[in-house]
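Me: Please examine the structure shown below. I should like to discuss its surface patches and its salt bridges, one question at a time.

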Amino acid sequence: MDSLNLYLLIGTGLMFTGLLLGSLSARFGVPSLLIFLVVGMLAGEDGIGGIEFDDFSTAYVIGNIALAVILLDGGLRTRLSTFKLGLKPALSLATLGVAISAGLVGAFATWLMGVDWRVGLLLGGIVGSTDAAAVFSVIKGAGVKLNERVASTLEIESGLNDPMAIFITLMLVGMLVDPDAKWGFGMLNTLLQQFGLGILFGLVLGAVISELLLRVRSNEGLHALLLCSGGAMVFAVTNLAGGSGFLAIYLTGLVAGNRRGGTGDNVLKSMDSMAWLAQSGMFLILGLLVTPSRLTENLPWALAVAAFLMLLARPMAVWISLLPFRFTGREEIFIAWTGLRGAVPIVLAVFPLLAGVEQTYLLFDITLVVVLISLIGQGASLRFMARRLKVSVPPSTEPRQTVALAAPQDRYLLQFQVEDGAKAVGKPLADLADKDLTPLMLYRNHSVHSLRDEPVIEARDLISWLAPLSQKSALSDLCHQLSPDEKRYYGDFSVLGQTPVAQLIAVYGVESPPPLWQGLTVAELFTKQVGKQAVVGDTVRVSGLRLRARSVEDGKVTLAGLKLPG
C-alpha cells in the first residue's frame, strides 16, 4: 500500500504542478505543452526529482492513446464548412509538404553529420510532420483568432499528416533493419492503404457511433466518455486493419461533431478536460524520458537541424505545396512558421529504438531538441507573428450559450445579451427575423416574452435565436457594440453583402472604379477579388474605400466592415 500511495503521490503531484503552471503560462506567452515537458524533465533522472524512467514501450503506448484523444477533440471542434475550406491545401501540405520537408532535412542531416543517407532521411521523416496536440493547444492558448483559411489549413494539416510521416519512418526503419529487402509498389500500396482505410473507417464508423449516441440520451459527461471510448475503438480497429488510426479518429470526431446538430458546449467542455488530461500526461511522460545531460553531446547538430527545418525546409515545403491555392504571402509565411513539432515526432523517434536500429539515440536526442526549439521559438511567438503578419482577426463577442440542435440543417440555439447602445435596442423583436435568423424568445426581468407579445428590445435583454453558426458575427453586431479593436480592424460602418458597390462609391468614393466592377454587389466583389471561398478578415479596396469581411456564409460575404478614406 505504501508503494502504491507513493506512486500516486508522485504522479498526481507532477500532474497538479504541470496543470497549475500550464494554466499560468498563457500570461507569459509560453505554450502549456512546453511546461509539461519541462516539469517531466525536472522530475527525471537529471532533475531534482531523480526519477529514472526509460520505458520506451510504455511511453509509446501512452503517446498513441493521448494523441488519439487529442485528434478526436480537434475533429469535434472542426465545422464541416471549415473542413471543406482547408481540406485541399491541408492535404497538399500533409503529403507533398511532409515529403519535401523530410527530403530536405534528410539531405542536410546526412551532409552535416556524415551519417548513412538512410539515417539522415529517417531523421527527416521523424521531424517532417506537424503535431496535432501542439497546433490545437498553442493556437487555442495564444489568445488570437486566426482567419479561418489559415486556421483550418493548419489544424486539418496536423490531423492528416501522420500517415505520410509514419509511412516514411517505417519505410526507412525497414531499410535499416533489412538492407537487402526490395522496396517498390509494395510501399506505395502501404501508403494508399494507410490513407484509404483511415478515411473509410473514420467516416463509416464515425457515422455509426454518432448515430448511436444520438439515440442514447445521456448527460454531457457520459456522452463525452462514450465519444472517447467509441473513438478509441475506431482507432484500434483501423490500426489492426492496416490503416491510419490517427486519421480515422480525427474523421470520427469530424463526423460526430457535424452530424445532425453536432455536439453542444457542455459536451465540448467535457472533451476539453479529457484532451488536457491526455496532452499533459503525454508530455509529462515524454519529459521523464529525456536525459538533459545526454542532449548536450549532440546539441550543435540538433540546433543546426532545428534552424534548417524552421527557416528553410518548412518554408520551402509550404511555398511549393500551396502554389495552386490562393494564399497571400503573409499567410504562407505564417503557415510556415506555425509548423509546430510536438509529441508526434517524439513518438515516431521511438520506432527505431524499439526496432533496434543503430544510432537511434542520436535521432531521439536531436528530435527532442527540435521539439523544444519549435515550442519555445515558434509556439511562444505565435501571437506576435499572427499580429505582425496580419492573419489574426479581432474576436467578436461570443454567445452566452450555444446549443446544438438535432436538426437536418446547421441550426443552433444561440443566446446573446443586448448591450447599451447596440443596434438592436429600440427595435421590435419580430423585425429582426429573416430566413437565417429566427428569434425565439426574449427574457427580461424574470419574464419570458415570445414573438406573439411583440416586445421591443431593451438593453440587458437576453434573446434566444435559432440560427446557423455562420450568423454569430451578425448577431454579435446586432446585440453588442464594437470593441475598440473591432473598430480599428473593420472600420466604424458595416454594409450588407448584397449592397451594390456603385451605391457605396456614389456616397463615399473618391475615385472612379474599374468598369468591370460596375453592377457588382459587395459579396460579388469579394468573390471576384479573393475567390469563391472568402473568410472573415479578407480585404478588398475600391475607389479609396477599404472593405473587410466580417461575416461569411458558404464562402460568400454577408457582412463587411467599411473603412473610409483619410
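Reply: One definition is needed at the outset: buried means under 20% relative accessible area, exposed means over 50%, and partly exposed lies in between. The model is a predicted one.

Me: Is Arg330 buried, exposed or partly exposed?

Reply: Arg330 belongs to helix α15, which spans residues 329-337. Its relative accessible area is 41%. Buried requires under 20% and exposed over 50%, so Arg330 is partly exposed.

Me: Which residues form a positive surface patch?

Reply: Patches are made of residues with over 30% relative accessible area and no salt bridge. Arg330, at 41%, is partly exposed. The positive patch is formed by Arg330, Arg388, Lys390 and Arg541.

Me: Where does Asp46 of the negative patch lie?

Reply: The patch of negative charge on the surface gathers Glu45, Asp46, Glu52, Asp54 and Asp55. Asp46 has a relative accessible area of 37% and is therefore partly exposed. Its place is the loop between α2 (32-43) and α3 (56-76).

Me: Which helix supplies the largest share of the nonpolar patch?

Reply: The nonpolar surface patch consists of Leu96, Leu104, Leu312, Met316, Trp319, Ile320 and Leu323, with about 600 Å² of accessible area together. Two helices, α4 (80-113) and α14 (299-321), each supply at least two residues of this patch. The largest share, four residues, comes from α14.

Me: What is the relative accessible area of Leu312?

Reply: Leu312 is found in helix α14 and is a member of the nonpolar patch. Leu312 counts as partly exposed because its relative accessible area lies between the limits of 20% and 50%. The value is 43%.

Me: How many residues apart are the salt-bridge partners Arg314 and Glu157?

Reply: The side chains of Arg314 and Glu157 meet in a salt bridge, at 2.8 Å from N to O. Arg314 is in helix α14 and Glu157 in helix α7 (residues 148-160), so that distant parts of the chain are linked. Both Arg314 and Glu157 are buried. Their separation in sequence is 157 residues.

Me: Which partner in the salt bridge between Arg444 and Glu458 is partly exposed?

Reply: The closest N and O atoms of Arg444 and Glu458 are 3.7 Å apart. Arg444 lies in strand β5 (residues 438-444), and Glu458 in the loop between β6 (447-449) and β7 (462-467). With a relative accessible area of 17%, Arg444 is buried. At 41% relative accessibility, the partly exposed partner is Glu458.

Me: How many residues apart in sequence are the parts that Asp461 and Arg444 tie together?

Reply: Asp461 forms a salt bridge with Arg444, with the closest N and O atoms 2.8 Å apart. Asp461 lies in the loop between β6 and β7, whereas Arg444 is in strand β5. Asp461 and Arg444 are both buried. The parts are apart in sequence by 17 residues.

Me: Which residues do salt bridges that share partners join into one network?

Reply: A search of the whole structure finds seven salt bridges. Some share partners and join three residues into one network: Arg149, Glu331 and Asp538.

Me: What percentage of the residues in the chain is buried?

Reply: The chain has 22 helices and eleven strands. Its accessible surface comes to about 25,200 Å², of which 62% belongs to carbon and sulfur atoms. Of the 566 residues, the buried share is 55%.

How values were computed
Residues numbered from 1 in each chain as written. Predicted model: local features only at pLDDT ≥ 70, side-chain atom pairs only at ≥ 80, totals over all residues. Heavy atoms only, no water. Patch = residues over 30% accessible without salt bridge, like charges linked within 9 Å, V, L, I, M, F, W, Y side chains within 5 Å. Areas by Shrake-Rupley, 256 points an atom, 1.4 Å probe, with all protein chains shown as cover. Salt bridge = Lys/Arg side-chain N within 4 Å of Asp/Glu carboxyl O. Lys, Arg positive; Asp, Glu negative; His and termini not counted. Charge placed at Lys NZ, Arg CZ, Asp CG, Glu CD. Buried < 20%, exposed > 50% of the residue type's maximum accessible area, 1.4 Å probe, protein only.
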